Amino acid sequence: MLTNRQIKILQHLLIHSFYGTELAKVMKTSRRTIIRDISTIDDWLRENNYGYIDSSKKYLIVTKRDKALKIEIQKLKVQKYRILYQLLSCKNIGCKLIPETTFKRGYNE
């Protein structure tokens, strides 16, 4: 699963390409963190057959399934809110039950 920062980077890269230093400024983090995040995002994109990140000049997403990728990004964002909701709203739910109650449900609930 991608972190919130990695999802934001992914969203930025869907709009246009960035140099590492530009992306670091936009994300308010170090260039080294961006490099690690880009590597993780690239692995995730390849694993899920969405495409890859071309880093020959600037960081640029090369997508195979652009629409499916955008839908998946929305699902990731919703999933993170669902986890937060579980933590905040259920007094009797323990850490062990969060993945079970959160991830077994569909995204459209």
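This is a short selection-by-selection tour of a predicted model.

**Stop 1: the whole chain**

Start with the protein chain in cartoon view. Its secondary structure comes to five helices and two strands. Trace the elements from the N terminus and you will read α-α-α-β-β-α-α. Now colour by accessibility, if your viewer allows: of the 109 residues in the chain, 32% are buried. For a feel of how the chain folds back on itself, consider contacts between residues at least 6 apart in sequence; 51% of these join residues at least 24 apart.

**Stop 2: helix α1 against helix α2**

Select α1, residues 4-15, together with α2, residues 20-27. The two helices pack at an angle of about 125°, and their axes are 11 Å apart. Because that angle falls outside the ranges for parallel, antiparallel and perpendicular packing, α1 counts as oblique to α2. Look along the contact and you will find that α1 passes α2 in a right-handed crossing.

Next, show side chains. From α1, pick Arg5, Lys8, Ile9, His12 and Leu13; from α2, pick Leu23, Val26 and Met27. Together these make the contact, and they divide into five nonpolar residues, one polar and two charged.

**Stop 3: helix α1 against helix α3**

Keep α1 on screen and add α3, residues 31-47. Here the packing angle is about 80°, with the axes 10 Å apart. An angle between 65 and 115 degrees counts as roughly perpendicular, so that is how α1 sits relative to α3.

On the α1 side, select Arg5, Gln6, Ile9, Leu10 and Leu13. On the α3 side, select Thr33, Ile34, Asp37, Ile38, Thr40, Ile41, Trp44 and Leu45. Colour this contact by residue type and you will get eight nonpolar, three polar and two charged residues.

**Stop 4: Asp37**

Zoom in on Asp37, which is found in helix α3. Is Asp37 buried or exposed? Its relative accessible area is 4%, and since anything under 20% counts as buried, Asp37 is buried. Which residues does Asp37 touch, leaving aside those up to four places away in sequence? They are Arg5, Gln6 and Ile9, and each of these belongs to the α1 side of the contact you have just selected.

**Stop 5: the nonpolar core**

Now move to the largest nonpolar core, a set of 21 residues. Highlight Leu10, Leu13, Leu23 and Leu45, the members that touch the most other members. The elements giving two or more residues to this core are α1, α2, α3 and α4, the last spanning residues 66-89. Which of them gives the most? That is α3, with five residues.

Stay with Leu45 and display its surroundings. Not counting residues up to four places away in sequence, Leu45 touches Leu10, Tyr50, Gly51, Tyr52, Ile53, Ile61 and Leu69. Leu10 and Leu45 also both appear in the contact of α1 with α3.

**Stop 6: Val62 on strand β2**

Finish at strand β2, residues 60-63, and select Val62 within it. At 27% relative accessibility, Val62 counts as partly exposed. Apart from residues up to four places away in sequence, Val62 touches Tyr50, Gly51, Tyr52 and Asp54. You have met Tyr50, Gly51 and Tyr52 already, as residues that Leu45 touches.

For a last step, draw a distance between the C-alpha atoms of Val62 and Leu14. These two residues are 48 apart along the chain, and their C-alpha atoms are separated by 9.0 Å.

Technical notes:
Residues numbered from 1 in each chain as written. Predicted model: local features only at pLDDT ≥ 70, side-chain atom pairs only at ≥ 80, totals over all residues. Heavy atoms only, no water. Core = buried A, V, L, I, M, F, W, Y, C linked by side-chain atoms within 4.5 Å. Buried < 20%, exposed > 50% of the residue type's maximum accessible area, 1.4 Å probe, protein only. Helix = DSSP H or I, 4+ residues; strand = E, 2+ residues; numbered from the N terminus. Contact = heavy atoms within 4.5 Å. Axes fitted to C-alpha atoms, helices over the stretch in contact; angles between N-to-C directions. Parallel < 35°, antiparallel > 145°, perpendicular 65-115°, else oblique. Left-handed = near helix turned anticlockwise from the far one by under 90°. Nonpolar A, V, L, I, M, F, W, Y, C, P; charged D, E, K, R; others polar.
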